[in-house]
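Here is a quick tour of one protein model. Have a look at the fold first, and then we'll walk through a few local spots.

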Amino acid sequence: MLKERNADLSRMVEPDRVRKELYTDAEIFEQEMARIHETVWIYVGHESQVPKSGDYYTAQIGRQPMILVRGSDGRVNVLYNRCPHRGNMICGDMKGNTGEQFRCSYHAWTFHHDGKLKNIPMMESGYAGTRLHRNSPELCVKRAARVESYRGFVFASLAKDGPDLKTFLGQSIVAFDDMCDRAPEGEVEIVPNCFRVIQHSNWKLFMENQIDALHPSVTHQSTGRAAHEVEKQIAKKAKAGEALSYHMLSAFATVTIDKWDNFQTINYPYGHCVLTGYMGLRPQDPDTKAYDRIMIRKYGQKRFEEIVGVNIHHVLVYPGLSVQSPLQQLRAVRPLGVGRTLTEIWHFRLKGAPEAIYRRSLAYYNLVNSPATLINADDLENFWKCHQGLSTDGGDWVSFARHHGRDIEEKGVVSSGPNMGTSEAPMRNQMKAWAQYMAAR
Ligand code: FES
Ligand SMILES: [Fe+2]
């Protein structure tokens with residue numbers, strides 16, 4: 001039966017188009033969760049979310065509710081949020097500090113931060129002669145099969161076999177290097193709260209949109225135009241720097257489709273992608289200059305120029321993460337169902353950078369991601385409308401044919417051709433990875 005289903009799936013993905021059922025079929029969704037999200041490395045959280053012993057934060061990997069927790073030995077653990085006794089969730093709250101142990105709220109079994117059983121009330125009398133004894137592994141909270149951290153970003157894989165984190169990330173690791181290198185202290189810390197947005201659409205629509213270089217100047221055009229009008233008025237009256245927030249938004253209208261074609265996508269194995277190019281948000285105002293001086297003092301002129309000159313707009317770590325490293329933000333995708341997806345949008349602070357620099361990137365984060373901003377609303381409306389359209393009988397395929405056949409492929413890396421930044425190569429690359437994962441035994 002499963003074999004037949006696999007044969008079906010292989011017919012659903014062609015190099016330049018895929019069947020609509022990939023977005024709407026609940027059974028395919030369940031298989032995706034098992035074969036992709038619950039197998040590969042998924043971003044759980046940042047180490048700075050759990051700075052002290054006992055600090056925990058919950059996160060979803062595929063269909064599995066998990067706990068990120070700092071142990072008293074300083075190590076970060078990732079556990080299933082499930083009591084081994086009768087299945088109660090260990091943590092009902094999203095975050096907190098559990099003290100020296102986890103204590104299940106149902107029958108008071110307690111656990112160490114690494115999941116090992118600590119105690120069961122009256123264990124000796126209650127369990128003497130049963131199949132269970134103090135060292136039974138089934139009395140421990142189950143751990144994620146593998147946990148690795150890179151520059152403070154914690155990933156877990158629920159499969160015991162597979163590539164290590166660095167191999168999996170490949171070139172997309174640049175997202176974390178670029179973000180951390182921009183900090184005078186070489187690391188970032190998380191801003192403790194994120195935007196949580198539930199979209200009524202399949203998770204793949206979100207991932208495809210993240211490196212869809214054609215859509216910003218169309219989808220966000222009205223928002224960008226309105227901002228541009230205000231920006232011009234402010235610029236007439238005041239110093240140009242004061243219109244920066246509007247400039248961040250007006251770029252969505254002033255950077256037109258042909259300009260987006262000057263960008264380039266570089267598509268890597270496992271579905272990852274880098275969109276090169278930069279939106280030019282580095283004004284020469286006193287705050288930027290103060291930041292530059294700190295960085296030069298720390299790294300020297302040459303290394304400083306290398307760091308701020310990194311030409312990246314966006315990095316996609318398939319299947320669950322989109323990172324805008326120059327703006328210190330990332331979006332983690334948590335699929336909830338075939339037509340329901342949670343995105344967590346996190347922001348980071350560059351350690352050692354002036355407060356004004358943090359405030360500026362925070363402004364961009366809010367302008368683009370807040371539920372109150374028009375930019376996010378523009379995208380959410382498209383996601384919902386796509387999901388609605390794909391659920392109809394109005395057509396069977398989703399097309400990714402833009403610039404198909406013009407990609408440049410070298411050693412498994414596929415770059416969009418010159419002046420083809422709006423190529424749908426990233427979607428083709430994601431679907432290639434999707435098909436490989438889904439066919440794997
Ligand atoms: S369900 Fe957790 S102690 Fe009983
Ligand atoms: Fe968008």
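Helices (H or I, at least four residues) and strands (E, at least two) are DSSP runs, numbered from the N terminus. This is a predicted model, where local features need pLDDT of at least 70 and side-chain atom pairs count only at pLDDT 80 or more, while totals for chains, interfaces and linings use all residues. Residues are numbered from 1 along each chain as its sequence is written, chains are lettered from A and ligands numbered from 1 in the order in which they are written, and side-chain values use heavy atoms, with hydrogens and water left out.

Let's start with some backbone oddities. Most residues other than glycine have a negative phi, and most peptide bonds are trans. Asn-419 goes the other way, with a positive phi of about 55°; you'll find Asn-419 in the loop between strand E23 (413-415) and helix H16 (425-439). Tyr-270 has a positive phi too, near 70°, and sits in the loop between strand E15 (264-267) and strand E16 (273-276). Then there's Pro-319, in the loop between strand E17 (312-317) and strand E18 (321-324): the peptide bond leading into it from Tyr-318 is cis, with omega near 10°. Beyond its neighbours within four places in sequence, Pro-319 is in contact (heavy atoms within 4.5 Å) with Ile-36, His-37, Val-40, Ile-42, Trp-203 and Met-207.

How accessible are these residues, and the two histidines we'll meet next? Buried means under 20% relative accessible area, exposed over 50%, and partly exposed in between (1.4 Å probe, protein chains only).

| Residue | Relative accessible area | Class |
|---|---|---|
| Asn-419 | 53% | exposed |
| Tyr-270 | 28% | partly exposed |
| His-215 | 12% | buried |
| His-220 | 1% | buried |
| Pro-319 | 1% | buried |

On to the metal. The iron ion (ligand 2) takes its protein donors from His-215 (NE2), His-220 (NE2) and Asp-379 (OD, listed twice), at 2.1 to 2.4 Å. Donors here are N, O and S atoms within 2.8 Å of the metal (3.2 Å for Na, K and Ca), and water is not among the atoms, so sites may look incomplete. Along the chain, the donors follow the spacing H-x4-H-x158-D.

Finally, a helix pair: the axes of H12 (residues 286-299) and H13 (residues 301-308) come within 7 Å and cross at roughly 125°. Axes are lines fitted to C-alpha atoms, for helices over the stretch in contact, and angles run from 0 to 180 degrees between N-to-C directions. Residues making the contact include Tyr-291 and Met-295 of H12 and Phe-304 and Ile-307 of H13.
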